[in-house]
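These exercises ask you to read a protein model step by step. Try each task before reading the solution beneath it.

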Amino acid sequence: MLYKNDGFKPETIKALKEELKASGKSYKVIPSDGNNEEFVNFYFIGMFEGREVIYDAALYTLRLHHSSEIYELAEHKAAQKFPNFKGIHYEEDENGNLKPLDNDEEEIGWFITEIIMDLEEEEAVKVQEFIDMDTNHDFGIGVDAALHVDHIDDAVIKKFIKEFNDDTIKLDDTLYSFQSEDIEE
């Protein structure tokens, strides 16, 4: 039988089921430096069109989603103002410390920071909970979801998987805007 990708193959699903059973969890976190208290990438098993499949999920907080949207918009505005803007690239020295930015990058960085502050103050960007599925994903089915929670932990992931698989998730359609948290020195 022809499968869209390995996440649909019964032997791959069986192997993940065995791994999950041995771990006592309903999901497997995909090791990544990107995983943190506001974002977790993980696999879980569910149904799709009457057959088992592996879901490759990226679950993040609404606050992180908001920050990403704000930053993307600020970068877009920077690209409009600075025609040579290709992104800010940070480099480390031999001790792992960040090297200073050149003058152009520093000017663009300050511009982006000001735009972010203005967008937040004006509450120009609003986000709401969502779940997006990608059936043309390279492994299983991709799921991107943002939830209005303070952090992503074991309880949040378990609840998400259960409600996703039971088709009982109720998304909050309220529009939210967030402010950057002040860093205390």
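**Exercise 1. A residue after a helix**

Task: Decide whether Asp 167 is buried or exposed, and find where Asp 167 lies.

Solution: Keep in mind from the start that this is a predicted model. The relative accessibility of Asp 167 is 71%, and because a residue over 50% counts as exposed, Asp 167 is exposed. For its place, look at the segment after α4 (154-166), where Asp 167 lies. As a last step, check the backbone: the phi of Asp 167 is positive, about 55°, although Asp 167 is not a glycine.

**Exercise 2. A residue in a loop**

Task: Determine which exposure class Glu 123 belongs to, and in which loop Glu 123 lies.

Solution: Begin with the location, which is the loop between α3 and β4 (130-134). Next take the relative accessibility of Glu 123, which is 39%, so that Glu 123 counts as partly exposed. Finally, the phi of Glu 123 is near 50°, which is a positive value in a residue other than glycine.

**Exercise 3. One helix and its cover**

Task: Check how the span of α2 compares with the span expected for its 20 residues, and then find which residues of α2 are buried.

Solution: At 1.5 Å a residue, the 20 residues of α2 should span 28 Å, and because the C-alpha atoms at its ends are 29 Å apart, the two values agree. Turning to burial, the buried residues in α2 are Leu 62, His 65, His 66, Ile 70, Ala 74 and Ala 78. An α-helix has 3.6 residues a turn, so residues three or four places apart point the same way. With that in mind, look again at Ile 70, Ala 74 and Ala 78, which are among the buried residues of α2. The cover over these buried residues includes β3 (51-61), α3, β4 and β5 (141-147).

**Exercise 4. Two helices in contact**

Task: Describe how α2 and α3 are placed relative to each other, and say what kinds of residues form their contact.

Solution: Two packed helices are described by the angle between their axes and the distance between the axes. Here the axes of α2 (residues 62-81) and α3 (residues 103-122) come within 9 Å and cross at roughly 130°. The two helices are therefore oblique to each other, and their crossing is right-handed. The next step is to list the partners: Ile 70, Tyr 71, Leu 73, Ala 74, Glu 75, Lys 77, Ala 78 and Lys 81 in α2 meet Ile 108, Phe 111, Ile 112, Ile 115, Ile 116, Leu 119 and Glu 120 in α3. Sorted by kind, the residues of this contact divide into eleven nonpolar, no polar and four charged.

**Exercise 5. Buried residues and their neighbours**

Task: For Phe 44 and Phe 8, find the place of each residue and which residues each one touches beyond four places in sequence.

Solution: Phe 44 is in strand β2 (residues 39-48), and because its relative accessibility is 0%, Phe 44 counts as buried. Leaving out residues up to four places away in sequence, the residues that Phe 44 touches include Ser 26, Tyr 55 and Phe 160. Phe 8, in turn, is in the segment before α1 (10-23), and Phe 8 is buried, with a relative accessible area of 13%. With the same residues left out, Phe 8 touches Tyr 3, Ile 13, Phe 48, Val 53, Gly 140 and Ile 141. To end, compare sequence with space: Phe 8 and Ile 54 are 46 residues apart along the chain, while their C-alpha atoms are separated by 6.6 Å.

Technical notes. Residues numbered from 1 in each chain as written. Predicted model: local features only at pLDDT ≥ 70, side-chain atom pairs only at ≥ 80, totals over all residues. Heavy atoms only, no water. Axes fitted to C-alpha atoms, helices over the stretch in contact; angles between N-to-C directions. Parallel < 35°, antiparallel > 145°, perpendicular 65-115°, else oblique. Left-handed = near helix turned anticlockwise from the far one by under 90°. Contact = heavy atoms within 4.5 Å. Nonpolar A, V, L, I, M, F, W, Y, C, P; charged D, E, K, R; others polar. Buried < 20%, exposed > 50% of the residue type's maximum accessible area, 1.4 Å probe, protein only. Expected span 1.5 Å × (residues − 1).
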